[in-house]
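Here's a quick tour of a two-chain model. Have a look at it first, and then we'll walk through it together.

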2 protein chains.
Amino acid sequence: MTRQVRLIPLGGLGEIGKNLMVVETQSDTIAIDCGLAFPEDDMPGIDLVIPDVSYLIERKDRLRGIVLTHGHEDHVGALPFVLKDINVPVYGTRLTLGLARRKLDENFEGEVDFRVFEPGDIIDFGSIQVEPFRVTHSVSDSVGLILRTPAGTIIHTGDFKLDQTPVDGEPTDYSRLARAGDEGVLALLSDSTHADRPGFTPSERVVGETLDRVFQKAKGRIIITTFASNVPRIQQVIDVAHQHNRKVCVIGRSMEMVVDVALNMGYLRAPLGTLVDPSDLGKYPHSKMVILSTGSQGEPLSALARMSCRDHRKVEIMEGDLVIMAASPVPGNETMVSRVVDNLFRCGADVIYEPESEVHVSGHSSQEELKMMLNLTRPRYFVPVHGEYRHLIKHAQLAVATGVPPSNVLIGENGTIFSLSPEHCEIIGVVQTKNIMVDSSGVGEIGDPVLKERKYLSDSGAIFVSCVVSSTSGALLSMPSVKSAGFMKSVRGEALLAEAGKRIKEYFDALPPEGLLRREFLEEEVASLVQKLVRNETGRRPVVVCSLSTV
Amino acid sequence: MTRQVRLIPLGGLGEIGKNLMVVETQSDTIAIDCGLAFPEDDMPGIDLVIPDVSYLIERKDRLRGIVLTHGHEDHVGALPFVLKDINVPVYGTRLTLGLARRKLDENFEGEVDFRVFEPGDIIDFGSIQVEPFRVTHSVSDSVGLILRTPAGTIIHTGDFKLDQTPVDGEPTDYSRLARAGDEGVLALLSDSTHADRPGFTPSERVVGETLDRVFQKAKGRIIITTFASNVPRIQQVIDVAHQHNRKVCVIGRSMEMVVDVALNMGYLRAPLGTLVDPSDLGKYPHSKMVILSTGSQGEPLSALARMSCRDHRKVEIMEGDLVIMAASPVPGNETMVSRVVDNLFRCGADVIYEPESEVHVSGHSSQEELKMMLNLTRPRYFVPVHGEYRHLIKHAQLAVATGVPPSNVLIGENGTIFSLSPEHCEIIGVVQTKNIMVDSSGVGEIGDPVLKERKYLSDSGAIFVSCVVSSTSGALLSMPSVKSAGFMKSVRGEALLAEAGKRIKEYFDALPPEGLLRREFLEEEVASLVQKLVRNETGRRPVVVCSLSTV
């Protein structure tokens, strides 16, 4: 048996989200996580982005399973799409599978072979054995993975922080990591999300302490928003509300789902009578209520965004309300969050939103924790994962600072094929990967050319020309129709479209009377004539489409 | 004479940028600043936004002048547009007018009556006397204004921080402010940009100290980017470079312009031979060079963004280069900045970009400075200016904390008419204001309806239908042409467009043979038919435009 293993990230390296790492030996392939990403600014009309798993589809026969580290969308969200092509067993902890199952119930018709594991279990994939170990993160029941392979032991941290006082009392399993380090670790694959943040990430408990102080002073209604999946934080909100004799009402689809799953599975505990139904909101005075709402990212259709625009059926924001934004904006969402905060103030609420206010802490390790992970495991090779390119580089610098030789640090991007053996590590090639975009109607139907056209459309709009010509003489049979969308709605704009019509007529009038030219040629000529006119007159470059009909 | 004054912000309240405050008495009107704003995410194709000054145009006859507080774009950038309609004298300090003049040279054809003042001068506008006083900010020669009006003394801070060790040695004039406070201040209008930041903003000197430490260790070429207008920071870069025996080369149009103006006017000093021309870059070893570049906001066409894509004519980024991002991203620019940083790393450079690295400090006051300003001036009324809505509210809370009665704090938005007299303050109405959008070709030609259409276009693209019907029978004379842009470029998309053509034909075939119906009616019917088909089949909602020609 070859003492060699290959690692192929199909997502999560050099970008945020859609995490998926392929691990393969000569005989077996497994995937770690199967996440989605949210669209970037330059992907209008796109709802989400999933990894390109062509590589896994080609290896269907030797793919033994998908192992999940935790239940966040960027680690489990692509399952409904990927399982359509490769329905292999899916492994995870109870809560992770509980959350994944709900996602699949919404979007997936087939049967899924879910297999629950607990930290310490050994899952046998032939030439690879996987042992999950406990890590702390911003969703309960998260794990990292110890993989025993023919080349040696590989540790994949999943997403993690080293919270010394986690809300559920289960810290990252330092002892198991130390033992793995003692036994020898071939490679460490570690979460780079916050590799550029100095120091330690504060414990989730800090948020509970802040909430306690804030609740102490609050006189009116309290409305809190956070990431729907942050079960430890939801637990703290319930606990603090109970201590201050307040009821908690959960509002917003995704948060209702998570609370339902976590309560049913025992990951969330609420004293009897603490949780109340939205329909009972009117029964309690404002001073006795906490509303736990979705919308921490300012999503326009979320419960909180609707409240901020006085557009929510059940909750009307008013003076005396205190809104707590217990989340920081994910990069790209800053403007949406600011708008919601501004509008909440306009409604008369007070809002706690500053990062300094300690109502949010991250779920990812800062630099001191990342170095601790490196020192506990003392890997021969280091592969930074989960992060944009700068985070991978910063993480690599931390690894070198802890003693990993620079030549043993491997930085790649999605599709990079890393080959590791006890003697040697190298990048041996690249697998083609691309973003698969999902929108309202389909998966992968919108590609870069369409997005590029949309960019032009949104910058300057479009002009549509329609001409009718004689199929025999090629002469124009009526004045061309010139319409526009998203272009200019001014007198000058109208005049310009009329002028375009005249120029097109002149163009046809000047054609030699030798019968009809090729339709596509004429359409291009007309479009280009209009493009030039508009560019000269306005500097704008709208998309111009011409239809030529013959009768 | 009525002891009353009116304040009407035409920009800068409840938003970032395009600052313009109107101050008027019974007989005289003046404007403070005349800035532009950069477009928000939902304004595709727009280059900049300027204030709606219809109110000033109506009062042309009594408008005595525009007084500038400093030379930043959001305070002077709208001058070329506004002066076309109201060519009144423009007042400012030497550097402020120097920067404004360059902007006008590029965009304005007429003569401008520039009037230089210095801190301590008194400018007489009839019933209003204006006395500028020194403030520290991230551009040199900034001032605030003390306005003597029939109602009492009004202080407008401009943009400011209380830098105790400014690079040019000229701190904010505490003594003048204290004296004004002793004499009695009717109202304070104060910069709210960072009213949600606790503590003190660090001194600009901190950046110089950091640069000194970084330069000490750097072995290769150093590339620094910052805001082009930050003269004090450019001074520090030149000073530190000189101390470390490095030459400085300025690259990028806007920075070259500012350096040129500031050097010529004596606001920037460079030891002989320190500044070198880009064409001489090849003459010096990398270890002796500093490149000072535009692109701190990741602007795609900026010098640094081009370098990061290996697309700059003069500078090729390579291993050994150190890039210093001496600026924080303006809200909304985070993603662009991240992309540039990632690409610089991909080119092999090391990049210093973290906020923790102290290579950037803000030019605006934090909470302790704002409270100090309130306590120095002890105003009867307080009007927070320059900030989004949440900043105005936070600033109002600070004012109340320092003892201003809540009823004496006035929070408004653009267009609000504040009326102040020694006895009374109130909001007495609203002036209509809107965003005037400027794009490649014109001012104010693109409004909200066009932007809304562009939003639809960018989300789902457009479909164009063109039909030819008989002017007598109303029958379709050829198969309708159905084309699209930004919609779907797949087999399914093509099939859907073909299906739409068939449905349109069926629609016409089913019409009663009673001659031609009204064209607009038919066009709407056809568009709506296609819209429904596409929505049912794909869930998408492209813009559908139909042209019906008759022959």
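At what angle do α13(A) and helix α13 of chain B pack, and how far apart are their axes?

## The helix pair

The angle is about 175°, and the axes of α13(A) and α13 (residues 448-460) of chain B are 8 Å apart. Axes here are lines fitted to C-alpha atoms, for helices over the stretch in contact, and angles run from 0 to 180 degrees between N-to-C directions. That makes α13(A) roughly antiparallel to α13(B), a label for angles over 145 degrees (under 35 is roughly parallel, 65 to 115 roughly perpendicular, and the rest oblique).

As for who meets whom, A:Arg454, A:Leu457 and A:Ser458 in α13(A) face B:Arg454, B:Leu457 and B:Ser458 in α13(B) as contacts. Two residues are in contact if their C-beta atoms, placed from the backbone, lie within 7 Å. By class, this helix-helix contact has 2 nonpolar, 2 polar and 2 charged residues. Ala, Val, Leu, Ile, Met, Phe, Trp, Tyr, Cys and Pro count as nonpolar, Asp, Glu, Lys and Arg as charged, and the others, Gly among them, as polar.

## Ground rules

This is a predicted model: local features need pLDDT of at least 70, side-chain atom pairs count only at pLDDT 80 or more, and totals for chains, interfaces and linings use all residues. Residues are numbered from 1 along each chain as its sequence is written, while chains are lettered from A and ligands numbered from 1 in the order in which they are written. Helices (H or I, at least four residues) and strands (E, at least two) are DSSP runs, numbered from the N terminus.

## The whole interface and its symmetry

Zooming out, 60 residues of chain A are in contact with 60 residues of chain B. On the chain A side, α13(A) gives the largest share, 8 residues. Elements that supply at least two residues each include α10 (334-346), α12 (389-401) and β25 (543-550) of chain A. The class tally for that side is 21 nonpolar, 21 polar and 18 charged residues.

A rotation of 180° with 0.1 Å of shift along its axis superposes chain A on chain B, at RMSD 0.2 Å; the fit is by least squares on the C-alpha atoms of residues with pLDDT of at least 70 in both. That is the relation of a two-fold axis. A:Ser458 has the C-alpha nearest the axis in chain A, 2.6 Å from it. The copies meet through the same surface, since 100% of the interface residues of chain A are also interface residues in chain B.

## Inside chain A

Chain A has 15 helices and 25 strands, and its C-alpha atoms fill a box of roughly 90 × 70 × 45 Å along the principal axes. Of its 551 residues, 53% count as buried, meaning 20 or more other C-beta atoms within 10 Å of their own (12 or fewer is exposed, in between partly exposed; C-beta atoms are placed from the backbone).

One open sheet of chain A has 6 strands in the order β8-β9-β10-β11-β12-β19, with mixed pairing; two strands pair if DSSP finds at least two bridges between them. In that sheet, β9 (residues 129-134) and β10 (residues 143-149) run antiparallel, joined by 6 bridges, and A:Phe133 stands opposite A:Gly144.

## Two unusual phi values

Most residues other than glycine have a negative phi. A:Asp141, in the loop between β9 and β10 of chain A, has a positive phi near 60°, and A:Asp141 is buried, with 24 other C-beta atoms within 10 Å. A:Arg378 has a positive phi of about 40° and is partly exposed, with 16 such neighbors.
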